[in-house]
Amino acid sequence: MLKKLALAAAAFLAIAAQAEAKDWSKIRIGTEGAYPPFNFFDSDKQLQGFDIDIAKAVCDKLKAECTFVAQDWDGIIPALQAGKFDAIFASMSITDERKKVVDFSRPYYNTPSAFIAAKGSGITDVSADALKGKTLGAQSSTIQSGYLEQNYPGFELKLYPTQDEVYLDLASGRIDALFVDKVVGLDWLKTTDGGCCEVVGKDIPLGGGVGAAVRKDDADLRDAISKAILEIKADGTYDKLNAKYFPFSIWID
Amino acid sequence: MNFEVLQEYGPRMLAGLVVTLELVAISIVCGALLAVPIALGRMSRNKLVSRIAFAYVYAVRGTPLLAQTFLVYYGAGQFRPELQAVGLWWLFKDAFFCCVLTFTLNTAAYQAEIYRGAILAVPRGQSEAAMSLGLTPRAIFRMVVAPQAMLLALRPLGNEIILMIKGSSVAAIVTVFDLMGVTRLAYSRTFDFQVYLWAAVLYLVMVEIIRRVWDHLEHRLTRHIRHA
């Protein structure tokens, strides 16, 4: 009797385990598509950027067929949880707040953040004391916006759904300075619209790097992605992609 | 109920609620002031005036409020040197002002149609009877047509206010921390769907208050035509 029960339990566990181990031969990847040079749509409406290239390289390692889904930034975590896609490769910084609701792979890059202001603004020091009375802007739901809220209390903060809108309002002068991932900001400064402005003050390192986010119950996918990230770093794929976009390494050990 | 989130974001959401009420109240009142001349323009015998009024109503009612808000807010940003030259940039720099301006222009078109419809719905016999008493056209409008038209406009006007309360949430997209703006912020920090539920309840309460006030107003204003 006991034997039978044990057998039944074993069989049940085996089935449960099978149901648990999902098939990751097809992975749907969510990204924003409005954050050059990390993820954006090119003129042919194709997704491009460092996040996208890394995701593709990871998929190659996992021998998985990947499809990309573009999703507004504000809704990207809810969409992951709702099962609209399985992993987020969207320059999402690993933060404690986000870790409460999603799991992150190991980071695949890390860049500092910086303030950008109009040329000739006279801003050199970006401490809260020096910037007193200025209007600051950032994309909402980002670590940059969280940092401003925490460290610049009492300031007029303007938060925008996309990074493009932050740029627009800096160019028009509605905000005195914006706070953004430095690499992203430098990319904009190279454009015609970005000609108005420059990086001010020193770099500010934030967060523990950028990782791929997955649902909490997909630990197997998380680990597979982490492993693949280390593999593409080891075989040189990562460095090649890094060099395609940036003249300096953004890898984080 | 997540009391931690409520404690942290509850007061901010109430502050957002006040911003929403300000947005709607200012826009509805300014819109009404603008709507009366537009409605009269629509009914004018002067072809040019009526066509301009029609074109305005047509364009505003035919485009989404969101697009209008973006157009005013980011459009004004593009014309900063020109606006500075005429000394208006300080106004357009402010997101709240841009929203009030857009909402006022938007609701003016809708309200104009409401007033026009109401004026036209007053039976012709009323003004004919007044005319036979020798009243001047101005007096007929002021004492006979307008009071009856206001009664007919009451319900659709209540509707318009309700639509404006909900529509005002687009202000959140252009950095105004109205009820929706604060809710989005709270959600992005907490990932707790409850905050959207609270926001929905607050919008519902505002609409319910309007509904009750309107019921009461209508009940009171129609007491002369109710049969005991």
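In chain A, helix α4 (96-99), and in chain B, helix α1 (3-42), each supply at least two residues of a negative patch. The model described here is a predicted one. The patch lies on the surface and gathers Asp96(A), Glu97(A), Glu4(B) and Glu8(B). One of these residues, Glu97(A), belongs to helix α4 of chain A. With a relative accessible area of 39%, Glu97(A) is partly exposed; this value satisfies the requirement of over 30% that applies to every member of a patch.

A second surface patch is nonpolar in character. It is formed by Leu197(B), Val201(B), Val205(B), Ile209(B), Val213(B), Leu217(B) and Leu221(B), which together have about 570 Å² of accessible area. Leu221(B) is located in helix α10 of chain B, a helix that covers residues 194-221. The relative accessibility of Leu221(B) is 38%, and the residue therefore counts as partly exposed, since that class lies between the limits of 20% and 50%.

Attention now turns to charged side chains that pair with one another. Side chains of opposite charge can pair when their charged atoms come close. Over all chains, 25 salt bridges were counted. In one of them, Arg222(A) and Asp103(A) meet through their side chains, with an N to O distance of 2.7 Å. This pair links distant parts of the chain, as its two residues are 119 residues apart. Arg222(A) is in helix α8 (residues 219-234) of chain A, whereas Asp103(A) is in strand β7 (residues 103-104) of chain A. The two partners also fall into separate classes of exposure: Arg222(A) is partly exposed, at 22% relative accessible area, while Asp103(A) is buried, at 12%.

Further salt bridges occur in chain A. Between Arg174(A) and Asp169(A), the closest N and O atoms are 2.9 Å apart, and both of these residues are buried. Asp239(A) and Lys233(A) likewise form a salt bridge, with an N to O distance of 2.8 Å. In this pair, Asp239(A) is partly exposed with a relative accessible area of 36%, and Lys233(A) is partly exposed with a value of 23%. In chain B, salt bridges link Arg155(B), Glu208(B), Arg211(B), Arg212(B), Asp215(B) and Glu218(B) into a network.

The strands of chain A include β11 (residues 177-181), which is mostly covered, five of its five residues being buried. Strand β11 of chain A pairs with strand β8 (residues 113-118) of chain A in the antiparallel sense, through five bridges. Within this pairing, Ala117(A) stands opposite Ala177(A) of β11(A). Strand β9 (residues 135-139) of chain A is joined to β11(A) as well, but in the parallel sense and over two bridges. Here Leu136(A) is the residue that stands opposite Ala177(A). In a regular strand the side chains alternate between the two faces of the sheet.

Elsewhere in chain A, three strands form an open sheet with antiparallel pairing, in the order β2-β3-β4. Strands β2 (34-35) and β4 (47-48) of chain A stand at the edges; each has a single partner strand, so one side of each is left without a neighbour in the sheet. Strand β3 (residues 39-41) of chain A is joined to β4(A) by two bridges and runs antiparallel to it. Phe40(A) has Gln48(A) in β4(A) as its bridge partner. The loop between β2 and β3 of chain A contains Pro37(A). The peptide bond from Pro36(A) to Pro37(A) is cis, and its omega angle is near 5 degrees.

Positive phi angles were found in residues other than glycine, including Lys63(A), for which phi is near 50 degrees. Lys63(A) is placed in the loop between α2 (50-62) and β5 (65-70) of chain A. With a relative accessible area of 72%, Lys63(A) is exposed. Thr175(B), which is not a glycine, also has a positive phi, of about 75 degrees. The loop that holds Thr175(B) lies between α8 (137-167) and α9 (179-190) of chain B. Thr175(B) is buried, with a relative accessible area of 7%.

Technical notes
Residues are numbered from 1 along each chain as its sequence is written. Chains are lettered from A and ligands numbered from 1 in the order in which they are written. This is a predicted model: local features need pLDDT of at least 70, side-chain atom pairs count only at pLDDT 80 or more; totals for chains, interfaces and linings use all residues. Side-chain values use heavy atoms; hydrogens and water are left out. Patches are made of residues with over 30% relative accessible area and no salt bridge: like charges are joined within 9 Å, nonpolar side chains (Val, Leu, Ile, Met, Phe, Trp, Tyr) within 5 Å. Accessible areas come from the Shrake-Rupley method with a 1.4 Å probe; for residues, only the protein chains shown count as cover. A salt bridge is a side-chain nitrogen of Lys or Arg within 4 Å of a carboxyl oxygen of Asp or Glu. Lys and Arg count as positive and Asp and Glu as negative; His and the chain ends are not counted. The place of a charge is taken as NZ of Lys, CZ of Arg, CG of Asp or CD of Glu. Helices (H or I, at least four residues) and strands (E, at least two) are DSSP runs, numbered from the N terminus. Buried means under 20% relative accessible area, exposed over 50%, partly exposed in between (1.4 Å probe, protein chains only). Two strands pair if DSSP finds at least two bridges between them.
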